[in-house]
Amino acid sequence: MPFLHGFRRIIFEYQPLVDEILGAVGIHDPEQTEVPPSTGSYLAADGDKFLALNELLERHSQSAFYREGISYSLLKVSELGLVAAAEILLQYGADLSFEDPVTYYTPLHIAVLRNQPDMVELLVQSGADINKRDRIHESSPLDLASEEPERLPCLQRLLDLGADVNAADKNGKTALLHALASSDGVQIHNTENIRLLLEGGADVKATTKDCDTVFSSIIFLLGETVGSDEEEAKLINHFCFRVSQLLMAHGADPSECPSHESLTHTCLKSFKLHFPLLRFLLESGASYNCSQHGPSCWSGFHIVFDRLCTYLGSCEDCDSVDLLNKAEGVLELMVAQSPRVTLPRNFDLNTSSCRVHADQVNALHQSLKQLEQSPPTLKHLCRVYIRRRLRPWPVDIKVKSLPLPDRLKLYLLIHPTASYEEDL
């Protein structure tokens, strides 16, 4: 019936051969997704144990649907990780590029989805295209391996076998961007997948055609913490913190344009919620201005004062002290980045929206303007130099280990009232 195609062809044309092949290796239920205990021992036996399978394939070798039958059988044994059975099917001509009629995945894609690293290695070494993309989702095997923490063994095997870590689909999405986009910080934490990809040379500057960057998913997850329950928010923040560490350790810039894709800009706008992450970014050397266009694009000083006044216009009295404390900490972190404080042009302040503490906000603003106009003090220069030499994060732990008087250590520390772990 030449007019039949796809799933109907399996049923009417080569499903009987597939059933026979699978039965020969101990699989009697085509929908089975796990290897039965008896099959495992059978496949581990000597080659003569496969005599029945060899004879079966010889007997059907002239069948009109032989190639399709053994190729579809390869999809199934790839799913189950039956390496020995796959070797025989390949010897008898199974097609490595054969696509599942429903999902359009190849045997290699399916082996990755089912986390079968040994099968992945066999298929690649037998000639499967390690970077092949499926026709529906445009996913490569490495993309699929990056999306679930359970597939870490396959991810490692693919990288060892030479998969292109920076290959991108038609929209510019790489395996690293797949790993980041698949993480939700609660159920799926792809931290180790991301680490492996970065260590394998993944480009932290990868950008999709929609301008999504390596920080886009982190920014989205941080937004999800607003209104979520406390435990879930804690898990998400912890994930975002660890992944940001990894990305910055491999050269990612969290302060790039556009501002809505800038992690630093996002944390500055919500310093009340994301103070621990913002503290880490600034202590690790992230620019508090747009790293491409400078303060004329966006400035951390402007953002902090604007958000502080907004917060103080709506917060309860019991929250205002904490807000001021965090704002002072952020401002001090920015000041301690460079020998001279350079404020943005027209650095004016309107405290009319402040319901409380307007005088203290004005005092903060004036102290910064005075600092800019005065020559830097030796004390300030020493703090900037020492803190730079102690990078990367965590600076606090390194400061505490220095053979210095406690008073000087206290000056070097910024917002020392809580540890990073306590903040998280």
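Here are some short exercises, each with a worked solution, on the predicted model shown above.

**Exercise 1: Get your bearings**

Work out how many helices and strands the chain has, and what share of its residues is buried.

*Solution.* Start with the secondary structure: you should end up with 22 helices and two strands. Next, turn to burial. The chain has 424 residues, and buried ones make up 49% of them. Then look at the contacts between residues at least 6 apart in sequence: 72% of these join residues at least 24 apart. Finish with the outside. The accessible surface comes to about 20,400 Å², and carbon and sulfur atoms account for 50% of that.

**Exercise 2: Follow the rings around Trp393**

Find out how the rings of Phe241 and Trp393 are arranged: stacked, tilted or edge-to-face?

*Solution.* The model holds seven aromatic pairs. Take Phe241 and Trp393: their ring centres are 5.5 Å apart, and the planes make an angle of 70°. Planes over 60 degrees apart count as edge-to-face, so that is the label for this pair. Now place the two partners along the chain. Phe241 is in helix H13 (residues 230-249), while Trp393 is in the loop between helix H19 (378-389) and helix H20 (395-400), and 152 residues separate them. Then check burial, where the cut-off is under 20% relative accessible area. Phe241 has a relative accessibility of 1%, so it counts as buried. Trp393 is at 16%, so it counts as buried too.

Next, bring in Phe280. Its ring centre is 5.5 Å from that of Trp393 and the planes are at 90°, so this pair is edge-to-face as well. Phe280 belongs to helix H15 (residues 271-283), so its pairing with Trp393 ties together parts 113 residues apart in sequence. Phe280 is buried, just like Trp393.

One more thing to spot at Trp393: the peptide bond to Pro394 is cis, with omega about 0°. Pro394 sits in the loop between H19 and H20.

**Exercise 3: Charges over a ring**

Which residues lie over the face of Tyr311?

*Solution.* Go through the charged side chains in turn. Lys272 lies over the face of Tyr311, 5.3 Å from the ring centre. Arg307 also lies over the Tyr311 face, at 5.4 Å from the ring centre. While you're looking at rings, pick out a cluster too: ring pairs link Tyr288, Phe301, Phe305 and Phe347.

**Exercise 4: Look for empty space**

How many cavities of 30 Å³ or more does the whole structure have, and which element gives the largest share of the lining of the largest one?

*Solution.* A search of the whole structure turns up two such cavities. The largest holds about 70 Å³ of space. Now list what lines this largest cavity: among the residues are Leu282, Glu283, Leu333, Val384, Arg387 and Arg388. Sort the lining by element, and H15 and H19 are the ones giving two or more residues. H19 supplies the largest share, three residues.

**Exercise 5: Pack helix H7**

Against which helices do the buried residues of H7 pack?

*Solution.* First pick out the buried residues of helix H7 (residues 117-125): Pro117, Met119, Val120, Leu122, Leu123 and Val124. Then see what they pack against, namely helix H4 (66-80), helix H5 (83-91), helix H6 (107-113) and H9.

Step over to H9, which covers residues 152-160 and includes Leu152. With 23% relative accessibility, Leu152 counts as partly exposed. Leave aside its neighbours within four places in sequence, and Leu152 is in contact with Glu192, Asn193 and Leu196. Leu152 and Glu192 are 40 residues apart in sequence, yet their C-alpha atoms are 7.5 Å apart.

**Exercise 6: Check the backbone**

Is Asn346 buried or exposed, and where is it found?

*Solution.* Asn346 is found in the loop between helix H17 (317-335) and helix H18 (358-373). Its relative accessible area is 65%, so it is exposed. Now check its backbone: phi is near 55°, a positive value in a residue other than glycine. Asn115 likewise has a positive phi, near 55°, and is found in the loop between H6 and H7. At 24% relative accessibility, Asn115 counts as partly exposed. Just after H7, Gly127 has a positive phi of about 115°.

Finally, look at Cys257 and Pro258, which are joined by a cis peptide bond with omega about -5°. Pro258 is in the loop between H13 and helix H14 (263-269).

Definitions and conventions:
Residues numbered from 1 in each chain as written. Predicted model: local features only at pLDDT ≥ 70, side-chain atom pairs only at ≥ 80, totals over all residues. Heavy atoms only, no water. Phe/Tyr/Trp six-rings, centres within 6.5 Å; stacked < 30°, edge-to-face > 60°. Helix = DSSP H or I, 4+ residues; strand = E, 2+ residues; numbered from the N terminus. Buried < 20%, exposed > 50% of the residue type's maximum accessible area, 1.4 Å probe, protein only. Lys NZ or Arg CZ within 6 Å of the ring centre and 35° of its normal. Contact = heavy atoms within 4.5 Å. Areas by Shrake-Rupley, 256 points an atom, 1.4 Å probe, with all protein chains shown as cover. 1 Å grid on protein atoms, 1.4 Å probe; cavity = no way out; pocket = protein on both sides within 12 Å on 5 of 7 lines; lining within 4 Å. Points joined across faces, edges and corners; volume = space filled by probe spheres on them.
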